[in-house]
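Here is a short report on one protein chain. It moves from single residues to the chain as a whole.

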Amino acid sequence: MKHLKKGIFITTLLISLIFIGCNNDDDDDDTLGNWVKKSAFDGPARSSATSFVIGTFAYVTTGYTGDEYLKDLWAYNSTGDYWEQKADFIGIARSSGSGFELNGKGYVGLGYDGTNKLKDFYQYNPDTNIWSQKADFGGTARYSAVGFQVGGKAFLGTGYDGNYLKDFYQYNDTDNTWTQVNGFSGNKRRNATVFVINDIAYLGTGINSGVNQVDFWAFDPSTDVWTRKRDLDDDESDHDTYSIVRANASSFTIDGLGYVACGSSGTTIWEYNPKTDIWNAKTALEGSGRSDAVGISINGERGFIALGKSGTSYFDDVWEFKPKEEQNDDDN
């Protein structure tokens, strides 16, 4: 009998250990991801800068320090982990502009100079380090719009011109023209964010009249069709409940998954799987919570968050996210 009780005790202990182990695995999955601090931005700390990526270089320009609007340009060498200053942006200093890369050139326009909403538009050639002015944006002057290139086509849309907006325009660099294209069926907004996976652009978050928006959209440039995906506050029974609604967030792509991070001075980051249309929480940013930061994706393989602000504090730090690693408190 003593042997039987001992056997029952050992069996119960093993089951308990297995159960605890399974729970620990779930916790690890929920918080998987590690942030690694990279070379600090060499320019002044700022928020609401504009960025574009060409090859393995991320370019950051314009922005606001809390006292001054900026027009300096910096290139981040993601391979060597260092910054180099390039030719100043030739438009008026501004914040909350928009940009994209198209055919090896960077483009920056729109924004706010402290007084005026802007619609001018410029091209940067990284081979010559020269800016040139292009045709003004096809829509109204505005700020806090989104810019992206997907499937070889470049777009600017949404934003604020005194009215919240959801119109989109495509830029053709061959004839330097803008053409209005299809927008999505959701609400107007500013301070949304976009990431691109396999030639599909995913747009969400943002704010309209003080309300953070919950709808999330996928845009296919081959058909010019926007498709609504699960809302960002989805609570259906096939996954854990989540709420990703926010404004002024940043985003990037790594290995076929999308990430939306920070915003509204927070630190949380969420991972989007386009195959399941489901989001999962990852390890929060190990730096200060922030909004209006820059999200950088290098070749869809590496993702970074840089700059931004929280209240009256402006940041110049740079963080790389490693989604498959465990958090390590000793590597920063």
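## Loops with positive phi

S144 sits in the loop between β9 (130–134) and β10 (146–150). Strands here are DSSP runs of E with at least two residues, and helices are runs of H or I with at least four, numbered from the N terminus. The model is predicted: local features need pLDDT of at least 70, side-chain atom pairs count only at pLDDT 80 or more, and totals for chains, interfaces and linings use all residues. Residues are numbered from 1 along each chain as its sequence is written, and side-chain values use heavy atoms, with hydrogens and water left out.

S144 is not a glycine, yet its phi is positive, near 60°. Is S144 buried or exposed? S144 is buried, with a relative accessible area of 7%. Buried means under 20% relative accessible area, exposed means over 50%, and partly exposed lies in between (1.4 Å probe, protein chains only).

N103 also has a positive phi, about 55°, without being a glycine. Its place is the loop between β6 (98–102) and β7 (105–112). N103 is exposed, because its relative accessible area is 54%.

## Three buried positions

The table sets out where three residues lie, with a C-alpha to C-alpha distance for each.

| Residue | Place | Relative accessible area | Partner and sequence separation | C-alpha distance |
|---|---|---|---|---|
| A49 | loop between β1 (34–37) and β2 (50–54) | 16% | G210, 161 residues | 22 Å |
| N125 | strand β8 (residues 117–125) | 16% | G106, 19 residues | 6.7 Å |
| W226 | strand β19 (residues 225–228) | 11% | D255, 29 residues | 23 Å |

A49 counts as buried at 16% relative accessibility. N125 counts as buried at 16% too. W226 is buried, with a relative accessible area of 11%.

What do these residues touch? A contact means heavy atoms within 4.5 Å. The lists that follow leave out residues up to four places away in sequence. N125 touches K105 and I130. A49 touches V60, T61, T62, G63, V294 and L307. W226 touches F148, F168, N182, G183, F184, L203, W217, A218 and F219.

## Aromatic pairs

How many aromatic pairs does a search of the whole structure find? The search finds 48. Rings of Phe, Tyr and Trp (its six-membered ring) pair if their centres lie within 6.5 Å; planes under 30 degrees apart count as stacked, over 60 as edge-to-face and the rest as tilted.

F52 and Y59 are one of these pairs. Their ring centres are 5.1 Å apart and their planes meet at 15°, so the pair is stacked. Both F52 and Y59 are buried.

F195 and Y272 form a tilted pair, with 6.2 Å from centre to centre and 50° between the planes. This pair links distant parts of the chain. F195 is in strand β14 (residues 193–197), Y272 is in strand β22 (residues 269–273), and 77 residues separate them. F195 is buried at 3% relative accessible area. Y272 is buried at 0%.

There is also a tyrosine cluster. Ring pairs link Y64, Y69, Y112, Y143, Y160, Y164 and Y314.

## The chain as a whole

The protein chain has 1 helix and 28 strands. Its C-alpha atoms fill a box of roughly 90 × 40 × 35 Å, taken along the principal axes.

How does its radius of gyration fit a compact globule? With 332 residues, such a globule would have a radius near 20 Å; the protein chain has 22 Å, which agrees. The radius is taken over C-alpha atoms, and the globule rule is 2.2 Å times the number of residues to the power 0.38.

Buried residues make up 48% of the 332 residues. Among contacts between residues at least 6 apart in sequence, 50% join residues at least 24 apart.

The exposed surface of the protein chain is about 14800 Å², and carbon and sulfur atoms supply 46% of it. Accessible areas come from the Shrake-Rupley method with a 1.4 Å probe; for residues, only the protein chains shown count as cover.

The chain carries 30 positive and 47 negative charges, and their mean positions are 2 Å apart. Lys and Arg count as positive and Asp and Glu as negative, while His and the chain ends are not counted. Each charge is placed at NZ of Lys, CZ of Arg, CG of Asp or CD of Glu.
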